[in-house]
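I wanted a quick tour of this fold, so I opened my notebook and went through strands, cores and pockets in turn. Here is what I wrote down along the way.

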Amino acid sequence: MNYRQADIAELDSRFRAHLINSLTGFKSVALCGTRSANGVTNLSILSSVVHLGSNPPLYGMIFRPETVRRDTLNNIRSQGVFTLNHIHEDFLYEAHQTSASYAEEESEFEATNLTPAYLADVDAPFVKESRVKLGMRYVREIPIEENGTLMLIGEVIYIELPEEIMAEDGYAVIADAGTLTVSGLDAYHAPMKLARLTYAKPDKPVESADSFYSTPPAR
Ligand SMILES: Cc1cc2nc3c(=O)[nH]c(=O)nc-3n(C[C@H](O)[C@H](O)[C@H](O)COP(=O)(O)O)c2cc1C
């Protein structure tokens, strides 16, 4: 089947949202932990975190238009710090539940029974149950004028993950941590690792570099 531009424009808006959102492919999905100026903790699920560069270590994430109150965005702006926590099967339903519109003074941690944890000097709550936790610093934001969304840029300032998932060259084998992925707005998947491949060069076909999956010897 196919959809031409005019067909896409005429689709029911929820149908179009599911269709267009699912076709970017599998996406990262994480719980964003923040705290308000009044000390109320907040947790929201986000599937738009992308890598912008490793030096400095920057990620970008897209926030929906501010036509309604956006607690996560407001907290990041006022406190300058937030956390990103990978999602695993054992708390998938709780993670999805955080997308509900809770009142400003209500904490999604309490509503879902996920546990806030404070690590290093990061002044925002991590999710204790998550096996891969990132502390982030607000850098700046870029408005997307076409639709009122915005890209928020954050710098990675803290990383906590199981030593067993670290490959020798720095790749974190997140499939082994049980990190989930999402497609569309609500379809969660447990990814299966297939292969890591060698660096591609014009004169040499790529090969499997599966030995990179080997974890360092126990120290
Ligand atoms: C799978 C999934 C992914 C989502 N990704 C985003 C996202 O990338 N950006 C965003 O602004 N909202 C996203 N949302 C919606 C937010 O989770 C939702 O608006 C939430 O209520 C925001 O909470 P807050 O007002 O406490 O910030 C997503 C929801 C789901 C279910």
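**Entry 1: the β9/β10 hairpin.** I began with the hairpin that β9 and β10 form, which has four residues between the strands. In its turn I found G148 with a positive phi of about 80°. I keep in mind that this is a predicted model. I then followed the two strands, β9 (133-144) and β10 (149-160), and found them paired in the antiparallel sense over 11 bridges. One pair I noted is K133, whose bridge partner in β10 is E160.

**Entry 2: the neighbours of that hairpin.** Which strands pair with β9 and β10 besides each other? On the β9 side I found β6, paired in the antiparallel sense over five bridges. There, T83 has G135 in β9 as its bridge partner. On the β10 side I found β5, again antiparallel, over six bridges. F63 is matched with L150 of β10 in that pairing.

**Entry 3: a second hairpin.** I moved on to β4 (50-54). β4 makes a hairpin with β5, with two residues between them. Four bridges join this antiparallel pair, and H51 has Y59 in β5 as its bridge partner.

**Entry 4: the small sheet.** I also looked up an open sheet of three strands, ordered β1-β11-β12 with antiparallel pairing. Its edge strands are β1 (27-28) and β12 (187-189), each pairing on one side only. Between β1 and β11 (residues 181-183) I counted two bridges. S28 stands opposite T181 of β11.

**Entry 5: the cores.** Which residues touch the most other members of the largest nonpolar core? Of its 15 residues, they are C32, M61, F63, I76, F82, L84 and L152. The elements giving two or more residues to this core are β2 (30-35), β5 (57-63), α3 (71-79), β6 (81-86), β9 and β10. β10 gives the most, with three residues. I picked M61 for a closer look. Leaving out residues up to four places away in sequence, M61 touches C32, L46, S48, V49, I76, F82, L84, L150, M151 and L152. Apart from this core lies another of 13 residues, V29, L43, I87 and F109 among them.

**Entry 6: the largest pocket.** How big is the largest pocket? I read a volume of about 1,400 Å³. Of the 37 residues lining this pocket, I45, L46, R64, R70 and L185 lie nearest its centre. At least two lining residues come from each of α2 (13-22), β3 (41-46), β5 and α3. By class I noted 15 nonpolar, 14 polar and eight charged residues in this lining. L46 turns up twice in my notes: as a contact of M61 and as one of the residues nearest the centre of this pocket.

**Entry 7: the second largest pocket.** This one has a volume of about 880 Å³. Its lining has 35 residues, and S28, Y59, H86, A172 and I174 lie nearest the centre. Two names here are old friends: S28, from the pairing with T181, and Y59, from the pairing with H51. β1, β4, β5, β6 and β10 each supply at least two lining residues. Which element gives the most to this lining? I found that β4 does, with four residues. The class tally for this lining is 23 nonpolar, 10 polar and two charged residues.

Note on methods:
Residues numbered from 1 in each chain as written. Predicted model: local features only at pLDDT ≥ 70, side-chain atom pairs only at ≥ 80, totals over all residues. Heavy atoms only, no water. Core = buried A, V, L, I, M, F, W, Y, C linked by side-chain atoms within 4.5 Å. Buried < 20%, exposed > 50% of the residue type's maximum accessible area, 1.4 Å probe, protein only. Contact = heavy atoms within 4.5 Å. Pairing = 2+ DSSP bridges. 1 Å grid on protein atoms, 1.4 Å probe; cavity = no way out; pocket = protein on both sides within 12 Å on 5 of 7 lines; lining within 4 Å. Points joined across faces, edges and corners; volume = space filled by probe spheres on them. Nonpolar A, V, L, I, M, F, W, Y, C, P; charged D, E, K, R; others polar.
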